[in-house]
Amino acid sequence: MDYLNQLNESQRNAVVSTEGPVMVIAGAGSGKTRVLTYRIAHLIAKGVDPFSILSLTFTNKAAQEMKERIGKIVGYSDSRNIWMGTFHSVFARILRSEAEKIGYPSNFTIYDTQDAKNLIKTILKEQGLDEKVYKPGLVLNRISTAKNNLISPQAYATNTTIQSEDIQSAKPKLGLVYQIYSDRCFKSGAMDFDDLLYKTNVLLRDFPDVLYKYQHRFKYVLVDEYQDTNFSQYVIVKKLVAVYQNVCVVGDDAQSIYAFRGANIQNILNFEKDYPEVKTFKLEQNYRSTKNIVNAANSIIENNKDQIKKNVYTDNEVGEKIKVYKAATDNEEGKMIANLIYDTQLSKQAKNSHFAILYRTNAQSRAMEESLRRKNIPYKIYGGLSFYQRKEVKDLLSYFRMVINPKDEEALKRIINYPARGIGNTTIDKLTITANNNETDIWNVINNLNKFNTGLNTGAQTKIGEFVAMISSFVTQLKTKNAFDLGNEIAATSGLLKDLYTDRTPEGISRYENIQELLNGLKEFTETENELEEDVTPRGLAEFIQDVALLTNADDEKVEDRDKVTLMTIHSAKGLEFPYVYIVGLEENLFPSQMALSSRVDLEEERRLFYVAITRAEKEVALSFASSRYKWGNLIFCEPSRFIEEINEEHLEMMFSVQSPVLSRQ
DNA sequence: GTATTATCTAAGTCT
DNA sequence: TAGATAATAC
């Protein structure tokens, strides 16, 4: 057990206290991942069955890396059997195997945000509600919040507080929309992201045998980034560990940055109340960053009222001060950062992968991207429009989805007339109305056209018949063909490939290439063996599509991306570290975001976000702001962020001479 | 029913 | 600025 010698005392205590509830409060860079990794390895070394360990991580990539490291210690045959992944992916897997109990097919579709918004738009139209009042994004947020707090549509409609809020905001029909939205998802055999947690709760609540099974299966449960769990996740964990109480949560209240998505810091603050027997360990020594960085970060977080007091310190060298740069415009800022990276690479002999540019919003990436490209510095961008969200990719994926689950209404609507086959909006509207009137799904209607009174002419009926025949033939091939072969077949037979090929504009060519890339991905997927079981059947399309919706920003890294400068939002950077970090766009109304200025709670979350950004750095941090920036095509003027002032000035070095009204106060 | 053009409006963060 | 939707012509 010589791995125990690689830990400091509090880390070691957190690792070897395997029984009963444990909470680890881990400051930034204090070796949290190391503790989790060794704790699991230690459990296995002690003889715990890997199948009885459940470890919930923040990204699937983190899970992958952790498995790898555990494998190195205890062997891969054991490490591969640990249940490990994000809340969403682990419980999606469990839901698939228990789906019939709650009336869902095991091949249910996972709706992404776009699908969900489209469905909401459809419902708003049907109900004659104004999209300008009921903004789809806001409606979805409202539904999401309800689900994350385990409020059913029925409870929503009868809850007086919620009802008066909705009447106050002139949206009294929100409850109805929520109800219809849930029904429609159910009829389509679809769950959205929040459903994966919500339906897990329903399953564990209504089926004691299922609860019993998983309570006894998962004898040891570990939760990373516990400060970012919401109520729905909290209840799942609480139920699962109720029997053995071997629960270990790791987190840092100072790094809680997901309140907007329902995360509740109280989960960490109340842990000691929920589990009176809890053993709490604090990891306060930072191994990642220089003294300047650690102390600067501490001086920021001191401005927050809500926090667990801790003393994060480091024995590392003092290091360089944090440099602050000013640029005239957002584009100038990009150029300046690219130049700084270029110079630092030369002077410090640093690799591209040692650099990260972090920003508050995805829209800021463009100026950075452009200047890096001009200087021939290789970079990779996380987030923004992911590969799988591009129109052409989503179109082909929608074919896949529909072949696996023909009831998937959003997929059907995307592809029934793409490529154009003469089934227009009027026809689709008639089909939707028929489906609604008969309380069924559109697939059932078009698959049994003669049984329903759709009012369609024979021409439209013939075209629909051809579409149904095509999808049905794909469905038949699902059992015999592997993912790659069937994927190719669908791309060709549907006419999608041909449609894209005829478009010879640069955008058209790029769309065609994206489809090729997706098919290549399918090929690779098909050729990779099944990781878990001794299953030797070829991997099919269903398996492929299951994972796609749940890939996080950090998950789809390619091998050729290894040595590149990283561009990402601060949110995505959570849990990562880089020697040189550039935090850009430090301006009022951008960071902190304009929307966070009105309440202390929101502002404190922005501040924690800034804390997270700075603590990503090992050696050097640079901050920058621009005096003007384009927003919606207009030039707006900007003031430096208040966060710059909040850093203790002994850790700062201003790299510009012009007196700015805000900074001169220092 | 389809293709092209004009107009609008949205960029806050993620699963 | 750019993607999404509405309006228009075919």
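A residue counts as buried here when its relative accessible area is under 20%. Keep that cut-off in mind, because Q477 comes in at 15% and so falls on the buried side of it. Bear in mind, too, that what you're looking at is a predicted model.

Let's stay with Q477 for a moment. This glutamine sits in helix α23, and once you set aside its neighbours within four places in sequence, its contacts are L486 and E489. The same helix, which covers residues 458-477, also holds I464. With a relative accessibility of 0%, I464 counts as buried, because the cut-off is 20%. Beyond its neighbours within four places in sequence, I464 is in contact with I423, T427, L431, I446, L449 and L456. If you'd like a sense of scale, try finding M191 from there: I464 and M191 are 273 residues apart along the sequence, and their C-alpha atoms are 27 Å apart in space.

Now go back to the start of the chain, to helix α1, which runs over residues 9-16. Its buried residues are Q11, A14 and V15. Viewed down the axis of α1, those buried residues fall within an arc of 100°, so they line one face of the helix. The background is simple: an α-helix has 3.6 residues a turn, so residues three or four places apart point the same way. What does this face of α1 pack against? The buried residues of α1 meet β1 (22-26), α2 (32-45) and β8 (279-283).

Next, some helix pairs. Two packed helices are described by the angle between their axes and the distance between the axes. Take α5 (residues 87-98) and α11 (residues 193-206): they pack at about 55°, and their axes are 9 Å apart. That angle makes α5 oblique to α11. As for handedness, α5 passes α11 in a left-handed crossing. On the α5 side, the contact is made by F87, H88, F91, A92, I94, L95 and E98, and on the α11 side by F193, D195, L196, L197, K199, T200 and L203. Sorted by class, that contact has nine nonpolar, two polar and three charged residues.

Further along the chain, α19 (residues 391-404) and α26 (residues 506-527) make another pair, packed at an angle of about 45° with their axes 9 Å apart. These helices are therefore oblique to each other as well. Here, though, α19 passes α26 in a right-handed crossing. From α19, the contact uses E392, V393, L396, L397 and F400; from α26, it uses R511, N514, I515, L518, L519 and L522. The residues of this contact divide into eight nonpolar, one polar and two charged.

The loops have some details of their own. Most residues other than glycine have a negative phi, and most peptide bonds are trans. So where should you look for departures from that? One is the peptide bond from Y418 to P419, which is cis with omega near -5°. P419 lies in the loop between α20 (409-415) and α21 (425-437). Another is the peptide bond from F591 to P592, also cis, with omega near 10°. P592 belongs to the loop between β15 (578-583) and α29 (600-614).

That loop between β15 and α29 also contains N589. This asparagine has a positive phi of about 75° although it is not a glycine. At 37% relative accessibility, N589 counts as partly exposed. Q245 is another residue other than glycine with a positive phi, in this case near 60°. You'll find Q245 in the loop between α13 (231-240) and β7 (247-251), and at 28% relative accessibility Q245 counts as partly exposed too.

Finally, follow the chain into α29, the helix that holds R608. Is this arginine buried or exposed? At 6% relative accessibility, R608 counts as buried. Not counting residues up to four places away in sequence, R608 touches D253, A254, Q255, S256, I257, I265, I301 and N304.

Technical notes. Residues are numbered from 1 along each chain as its sequence is written. Chains are lettered from A and ligands numbered from 1 in the order in which they are written. This is a predicted model: local features need pLDDT of at least 70, side-chain atom pairs count only at pLDDT 80 or more; totals for chains, interfaces and linings use all residues. Side-chain values use heavy atoms; hydrogens and water are left out. Axes are lines fitted to C-alpha atoms, for helices over the stretch in contact, and angles run from 0 to 180 degrees between N-to-C directions. Helices (H or I, at least four residues) and strands (E, at least two) are DSSP runs, numbered from the N terminus. Angles under 35 degrees count as roughly parallel, over 145 as roughly antiparallel, 65 to 115 as roughly perpendicular and the rest as oblique. A crossing is left-handed if the near helix is turned anticlockwise from the far one by less than a right angle, and right-handed if clockwise. Contact means heavy atoms within 4.5 Å. Ala, Val, Leu, Ile, Met, Phe, Trp, Tyr, Cys and Pro count as nonpolar, Asp, Glu, Lys and Arg as charged, and the others, Gly among them, as polar. Buried means under 20% relative accessible area, exposed over 50%, partly exposed in between (1.4 Å probe, protein chains only). The arc is that of the directions from the helix axis to the C-beta atoms.
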